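Trainee: I would like to go through this model by question and answer. Please start with the terms.

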Amino acid sequence: MAQEQVQIQEQKQQQVQRLSQQQMLQVKLLEMPLTELEDSVNAELDDNPALEKGGDEGEWTENAEATDSQENDYDTQQEREERQDALDTALERMRSDDELPTYDGRQQRNNADYEEIVYGDTTSFIDKLNQQVGEREMTELQRTVIEYLIGSLDDDGLLRKDLDTIADELAIYHGIDCTEEDIASTLELLHDFDPPGIGARSLQECLLLQIDRKVANGEWQANSYIYQNLHTILADFFDAFTKKHWDKIQSALSLSDDQVEALQREVRKLNPKPGASMGETMGRSIQQITPDFIVDTDDDGTISFTLNHGRLPELHVSQSFNDMLAAYKENKQGMNRQAKEALLYAKEKVEKAQGFIEAIKQRRNTLYITMRAIIDIQRKFFQDGDESDLKPMILKDIAEKTGLDISTISRVSNIKYAQTRWGTFPLRFFFTDSYTTEDGEEMSTRKIKVALREVIDGENKKKPLSDEALAKVMKEKGFPIARRTVAKYREQLNLPVARLRRE
């Protein structure tokens, strides 16, 4: 019996929630670090004539004791709660529309969307190398080839393209006909650039270039035992060197223990990634940190913090626009078309300015109560600066303590920094997962990792401890963790297995 397919059209009423422009603005500003917020405020000042600044930097600064429950001067408790409810509702709507990922339980701190920014220079190593090109005497062909070589370097500063490939690319894309020998000779010029090791075609060549530069600079003598032995090790025993088989190297070269130790010290001064030392790693420029919070710890252990407002001015709605709006409203009846358009324009700009100021206040309040909760939980760390004193703390803990949404806490803690007595840290630094022992005791994984690193740093490098042995030592120190847990944390700390730690 044949089956017949029938299309049926029906109407269905469905309620869909969308974010208002004000809610979207609040979420957007909440995510911004301070420097980006400064740019956004300046752009809004340029765009909206109804928004004016009423003072210079510092006029928004207020001290905030982390331990007290004082009211903020700029608004009331009720206003803060109303704004926060609106923001939390907005975030819930975004999740329902699949615009925001749901965060649950023990959020991983190594989120791929999160990048830690460290101190440094915004000039890339490519730019710095090109600057050196202009300082050297060379032919036009050499200049063209060396600039192409610089552009072909990997992020660590090494050249991993074959010379014949580079010759083909120069011929095809730039119409430059040169031999591999021409490119090789030009590459030798690049090897003379700073830092030493730049443009090497392998790690082995990179390290050899660096020790040769020490001789050229007069730092070492060419006939010194350090240079002679290091050159021999890197040239003839490189495989054993990469596997840290120093016992084999010591035996083959008849070295004493003191000589091996001296050579190891010099090896640790060499840089396997010369490009990274010039200000760019993994293809991105390193940027300057501006802390969003300034945390002060007194000698008696009292902790206070201040929101850093940087160069943000005090904002207010233009009085002239308010007067214009009031005047138009009083004469509403006798308005012509042009006057009505002017009224609508003024009303739109005033409402937009008021919304922007409100969003800035909302951001300040959310940052304040989040940082206060973090300090309350991690008080011991802020008092003594010991990383092992960080308690287990996840996004959910701060959300419950503040009454905010987990997504709000995630946005606050992402790409924001706190300057403390012990250094400047990303807010994500203060979040740490917990490890529950067989006895039901909850420990901070950060504290366990600190202890594990100390054990490995203090082991006998001639007889490094296996993961099984490390588990036994950790248990003796009060951290009863399994061997597989030791292996996992060791890998997260980027520490090699025992065989590769042998010296």
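Mentor: Contact means heavy atoms within 4.5 Å. Helices (H or I, at least four residues) and strands (E, at least two) are DSSP runs, numbered from the N terminus. This is a predicted model, in which local features need pLDDT of at least 70 and side-chain atom pairs count only at pLDDT 80 or more, while totals for chains, interfaces and linings use all residues. Residues are numbered from 1 along each chain as its sequence is written, and side-chain values use heavy atoms, with hydrogens and water left out.

Trainee: How many helices and strands does the chain have, and what percentage of its residues count as buried?

Mentor: The secondary structure comes to 21 helices and 11 strands. Buried means under 20% relative accessible area, exposed over 50% and partly exposed in between (1.4 Å probe, protein chains only). Of the 503 residues of the chain, the share that counts as buried is 44%.

Trainee: Among contacts between residues at least 6 apart in sequence, what percentage join residues at least 24 apart?

Mentor: The count takes in contacts in the chain between residues at least 6 apart in sequence. Of these, the share joining residues at least 24 apart is 69%.

Trainee: Which residues of H18 meet H20, and how are the two helices oriented?

Mentor: The axes of H18 (residues 445–457) and H20 (residues 483–492) come within 10 Å and cross at roughly 85 degrees; axes are lines fitted to C-alpha atoms, for helices over the stretch in contact, and angles run from 0 to 180 degrees between N-to-C directions. Angles under 35 degrees count as roughly parallel, over 145 as roughly antiparallel, 65 to 115 as roughly perpendicular and the rest as oblique. On the H20 side, Val 486, Tyr 489, Arg 490 and Gln 492 meet Thr 445, Ile 448, Lys 449, Leu 452 and Ile 456 of H18. The crossing angle therefore makes H18, relative to H20, roughly perpendicular.

Trainee: Is Arg 490 of H20 buried or exposed?

Mentor: Leaving aside neighbours within four places in sequence, Arg 490 is in contact with Leu 452, Ile 456, Asp 467, Leu 495, Pro 496, Val 497 and Arg 501. Its relative accessibility is 4%, so Arg 490 counts as buried.

Trainee: How are H5 and H7 oriented to each other?

Mentor: The axes of H5 (residues 140–151) and H7 (residues 180–190) come within 9 Å and cross at roughly 70 degrees. H5 and H7 are therefore roughly perpendicular.

Trainee: How many aromatic pairs does a search of the whole structure find?

Mentor: Rings of Phe, Tyr and Trp (its six-membered ring) pair if their centres lie within 6.5 Å; planes under 30 degrees apart count as stacked, over 60 as edge-to-face and the rest as tilted. The search of the whole structure gives 12.

Trainee: What kind of pair do Phe 381 and Phe 382 form?

Mentor: The ring centres of Phe 381 and Phe 382 are 5.7 Å apart. Their planes lie at 75 degrees, so the pair is edge-to-face.

Trainee: Which residues form one aromatic cluster with Phe 381?

Mentor: Phe 381 counts as buried at 1% relative accessibility, and Phe 382 counts as buried at 0%. Besides Phe 381, the cluster is formed by Phe 382, Phe 425, Phe 429 and Phe 430.
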